[in-house]
Amino acid sequence: MSIRSRLLTGALAAVSALALITTTAPSASAATYTGGNGSTPSTCAGSYVGGKVARDSAQRVILRLEVFYSSAKSGTNCAILYNNTGKRIPMQLKVESRDFKNYAIDTGNYVSYAGRVAISGTAKKSINIWAGATYQGKYYSLDMPGSFGN
C-alpha cells in the first residue's frame, strides 16, 4: 500500500470515527460560566415569580422563560429557558446582578432547555435576566430586568 493510500485510509478512518462520536454525543453541547456568587443549580428552588414567552409569526410559543425566587442565601434568583421547537437550537441564558459582579451564564445548542442559572444575594436588589435563541434564522430575545420575588 502506498503512502498516499495509507494517508487516505487513515483520514477516512478518522472522519468515520468523528462521525460516530458526533452522532452518539450527549444531547447538548454547552458552556457555563459563573462569577461572584453565581451558580448552576440542578433545580430552581423557591417560588415561580415571573416569566415570558417568545412566539413565531404563527403565534406558536418558541421559547418560555421562567424565573424563581428563594429567600435562601440572602435571596436567590434562578432562571430556566425552555425550547418548545423540538429542534436543537443555539440558546443563551444569563442572570446577573446590576453591578455585574455576580452572574451565571449557560450557552449552547439545546433541544429541551438552557439553564438553570442562579445568583444569590438578590434580596431587595434588581437583577438582569438575558435570554435568547435563534430558530429558523430569526433571533428571539426574552430580556427581563427587574426585581423578582423581593
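Start in the middle: the largest nonpolar core has 25 residues, and the ones with the most contacts inside it are L63, L65, L81, M91, L93 and I129. Several strands feed this core, with β4 (61-70), β5 (76-83), β6 (89-97), β7 (103-110), β8 (113-120) and β9 (127-135) each giving at least two residues. The largest share comes from β9, which puts in 5 residues. Apart from this core there is another one, made of 5 residues, including C44, F68, C78 and I80. Keep in mind as you click around that this is a predicted model. As a general backdrop, nonpolar side chains tend to be buried together in soluble globular proteins.

Now for the strands themselves. An open sheet of 5 strands runs in the order β2-β8-β5-β4-β3, with antiparallel pairing. At its edges sit β2 and β3 (47-55), each of which pairs on one side only. In general, the strands of a sheet pair through backbone hydrogen bonds, parallel or antiparallel.

Let's walk across that sheet from the β2 end. Strand β2 covers residues 38-39 and pairs with β8 in the antiparallel sense over 2 bridges. Here S39 stands opposite A118 of β8. Strand β8 is mostly covered, as 6 of its 8 residues are buried. Next comes β5, which pairs with β8 over 7 bridges, again antiparallel. If you want one pair to look at, take Y82, whose bridge partner in β8 is Y113. One step further along, β4 and β5 run antiparallel and are joined by 8 bridges. In this pairing L65 has L81 in β5 as its bridge partner, and both of these leucines are among the residues with the most contacts inside the largest core.

Two serines are worth a stop on the way. The first stop is S120, which lies in strand β8. Is S120 buried or exposed? It counts as buried, because its relative accessibility is 13%, and the cut-off for buried is under 20%. Not counting residues up to four places away in sequence, S120 touches N37, K73, G75 and T76.

The other stop is S70, in strand β4. S70 has 14% relative accessibility, so this serine counts as buried too. Leaving aside neighbours within four places in sequence, S70 is in contact with A45, G46, G75 and T76. G75 and T76 therefore turn up in the contact lists of S120 and S70, with both serines counting as buried. The side chain of S70 also reaches the backbone nitrogen of A72, at 3.1 Å. For a longer-range reference point, take V49: it is 21 residues from S70 along the chain, and the C-alpha atoms of the two are separated by 9.7 Å.

That leaves β6 and β7, both of which supply residues to the largest core. These two strands run antiparallel and are joined by 8 bridges. One of the pairs to pick out is V95 with its bridge partner A104 in β7. Together β6 and β7 form a hairpin with 5 residues between them. Check the backbone of F100 in that turn: its phi is positive, at about 65°.

Terms used:
Residues numbered from 1 in each chain as written. Predicted model: local features only at pLDDT ≥ 70, side-chain atom pairs only at ≥ 80, totals over all residues. Heavy atoms only, no water. Core = buried A, V, L, I, M, F, W, Y, C linked by side-chain atoms within 4.5 Å. Buried < 20%, exposed > 50% of the residue type's maximum accessible area, 1.4 Å probe, protein only. Helix = DSSP H or I, 4+ residues; strand = E, 2+ residues; numbered from the N terminus. Pairing = 2+ DSSP bridges. Contact = heavy atoms within 4.5 Å. Polar contact = N/O pair within 3.5 Å; in protein donor to acceptor, adjacent residues only side chain to side chain.
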